[in-house]
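Biologist: I keep hearing words like "buried" and "perpendicular" when people talk about models. Could you take me through one and show where those words come from?

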2 protein chains.
Amino acid sequence: MTDASQLSASLEDYLEAIYNIIREKNAVRAKDIAKRLKVSNASVTGALRMLAKRKFLNYAPYDVITLTPEGERIAREIVRKHEVLRDFLVKVLSVDPGQADEAACRLEHGIPAEIVDRLVKFIEFLEICPLGGQKLVEGFRRHLKCGASDNCDMCIKLAQELASKEVSVPEKVKKNSLADLAPGEKGIIKKIRAKGTLRKRLMDLGLLPGSVVEVERVAPAGDPIEVKVRGYHLSLRNDEAKKVEIEVR
Amino acid sequence: MTDASQLSASLEDYLEAIYNIIREKNAVRAKDIAKRLKVSNASVTGALRMLAKRKFLNYAPYDVITLTPEGERIAREIVRKHEVLRDFLVKVLSVDPGQADEAACRLEHGIPAEIVDRLVKFIEFLEICPLGGQKLVEGFRRHLKCGASDNCDMCIKLAQELASKEVSVPEKVKKNSLADLAPGEKGIIKKIRAKGTLRKRLMDLGLLPGSVVEVERVAPAGDPIEVKVRGYHLSLRNDEAKKVEIEVR
DNA sequence: ACAAATATTTAGGCATACCTAAAATTATAT
DNA sequence: ATATAATTTTAGGTATGCCTAAATATTTGT
């Protein structure tokens, strides 16, 4: 709940790298961290010591490295900032993904949590709002192609066409549960069909009505389902996903 | 033309502060810098030496401090990043101005120039595009008020009303020159009615057709006019402003 | 099992960016 | 003109975050 708590930018980078490497390979070695951050092994040792001192890592020389619960919480916060920024850059500003990723790396340390939340709301709003945020973003993408210092008559014409053609009451096409989506598909959460603890758990994870969820991966067995909501990556069991009622536009 | 060139974040802060203080009071003293950056005087001395060594400042102990042309150029780049970020946060995301300013301070060092340009284009697009970027932003502002985790039925209704009422071909209300605007007013640049050197100069300043210009201040005599385009602050003579043909919506 | 290869840590250094306290310079007031 | 006040600079010190080289521990191949 509290803030990302007084970590320097570089310690945040270490924590983020550790978190990501653990997600990818279930284990971290100092060397992996050094390689990912393009830093010497010795520097990694120092950072590990600092992070351990602040109780974000369980670490002893020559022993395995794991995140403490608190360390994991903070790492997730940092990763979320990164993801939200990258999504904004790529989805809204149409920045090239590689460049967006690099920029996100640098911006993630400076951005306050409230602004990340605001950015999430804005991106969601663009995806959801009947005023046509998606059309607007497409228009912007087109506009980027018509040359830099240009008044965009092409854009205006196309926009007028679109605007007159589809004034459109938003149509609710299908109603489904989150468990029915294929990887890559998105939906808007309508409600959580669960009670008590499970309901609370799901909402605490960030599955809030009105938010956009995207399915990222579904395990072969169909069971753990990886989704992204509001910049958070979640892993849900099929049972849980079935309780999340969504709407696909 | 080149990049912000290898300055550390804190040296960028010094340069930015120096630039802003010069704009405000026509002179800088080490003390002013220290106060603005909340840093000791001695730290300022060190920074001044560094900046002078890199030829961004003309500086000698106990002598007046001025920016070199190169220093001024880079300072303007930094200030521009700051302004663009703050504008985005305030105008698009509706972040509280104080908070936006503080966040901009931290983000300005990490953001690449290309992304700033992209952000400028996006903000301009929202202001200009007939798809109704302004309406969308207003809708977003409203949406922020209807509570955090809520599906925004109110927003949907209001949006539908707006959308059906004003499908609207963009109407060109007035045509004027930049010199006719009052402080606070905005217009879209249609063309530069000038030739040769003057034309080039105005375009180099960033007065490009399609961009949004905002008049910030007009001197009592009506002559130097302060405007903002694409994150740049410019000071124009009345003669020059008359050459900039704009459209007010 | 144990030598060779690999991985990690320790030790010692460098640059940045800040600090406080004392010295030097410049401004001001009588 | 000169003492006092204000400002600026120098000197010396701290913490971070990176480096290389050398020492130590672990893993691997036979």
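Modeller: Sure. A residue counts as buried if 20 or more other C-beta atoms lie within 10 Å of its own, as exposed if 12 or fewer do, and as partly exposed in between. Keep in mind that this is a predicted model.

Biologist: Then what makes Ala9(A) partly exposed?

Modeller: Ala9(A) has 13 other C-beta atoms within 10 Å. Exposed stops at 12 and buried starts at 20, so Ala9(A) comes out as partly exposed. Ala9(A) belongs to helix H1 of chain A, and its C-alpha is separated by 10.0 Å from that of Cys105(A), 96 residues apart along the chain.

Biologist: Why is Arg230(A) called buried?

Modeller: Arg230(A) has 23 C-beta neighbours inside 10 Å. The cut-off is 20 or more, so Arg230(A) counts as buried. This residue sits in the loop between strand S6 (225–229) and strand S7 (232–236) of chain A. Its phi is positive, about 45°, although Arg230(A) is not a glycine.

Biologist: And Ser94(B), buried or partly exposed?

Modeller: Partly exposed, because Ser94(B) has 19 other C-beta atoms within 10 Å, and buried needs 20 or more. Ser94(B) also has a positive phi, about 55°, without being a glycine. You'll find Ser94(B) in the loop between helix H4 (69–92) and helix H5 (97–107) of chain B.

Biologist: What about chain A as a whole: what share of its residues is buried?

Modeller: 36% of the 249 residues in chain A. The chain has ten helices and eight strands, and is divided into domain 1 (9–74), domain 2 (133–165) and domain 3 (174–248). The C-alpha centres of domain 1 and domain 3 of chain A lie 30 Å apart.

Biologist: Now the helices. How do you know that H1(A) and H4(A) are roughly perpendicular?

Modeller: Two packed helices are described by the angle between their axes and the distance between the axes. H1(A) and helix H4 (residues 69–92) of chain A pack at about 100°, with their axes 9 Å apart. Angles of 65 to 115 degrees count as roughly perpendicular, so that is the label for H1(A) and H4(A).

Biologist: Which residues of H1(A) and H4(A) meet there?

Modeller: From H1(A), they include Leu15(A), Ile18(A) and Tyr19(A); the H4(A) side includes Ile74(A), Ala75(A) and Ile78(A). By class, the contact of H1(A) with H4(A) has seven nonpolar, two polar and three charged residues.

Biologist: There's DNA too. What makes a residue count as near a strand?

Modeller: Its C-beta atom, placed from the backbone, has to lie within 6 Å of the strand. For DNA strand D, 19 residues are around it, and among those that come nearest are Ser8(A), Arg29(B) and Lys31(B). Around DNA strand C there are 20 residues, with Arg29(A), Lys31(A) and Ser8(B) among the closest.

Biologist: Which elements supply at least two residues of the surface near DNA strand D?

Modeller: Helix H1 (9–25) and helix H3 (41–53) of chain A, plus helix H2 (30–37) and helix H3 (41–53) of chain B.

Biologist: And how do the residues near each strand divide by class?

Modeller: Near DNA strand D there are ten nonpolar, seven polar and two charged residues. Near DNA strand C, the split is eleven nonpolar, seven polar and two charged.

Methods: Residues numbered from 1 in each chain as written. Chains lettered and ligands numbered in written order. Predicted model: local features only at pLDDT ≥ 70, side-chain atom pairs only at ≥ 80, totals over all residues. Helix = DSSP H or I, 4+ residues; strand = E, 2+ residues; numbered from the N terminus. Nonpolar A, V, L, I, M, F, W, Y, C, P; charged D, E, K, R; others polar. Domains from an automatic or database assignment. Axes fitted to C-alpha atoms, helices over the stretch in contact; angles between N-to-C directions. Parallel < 35°, antiparallel > 145°, perpendicular 65-115°, else oblique. Contact = placed C-beta atoms within 7 Å.
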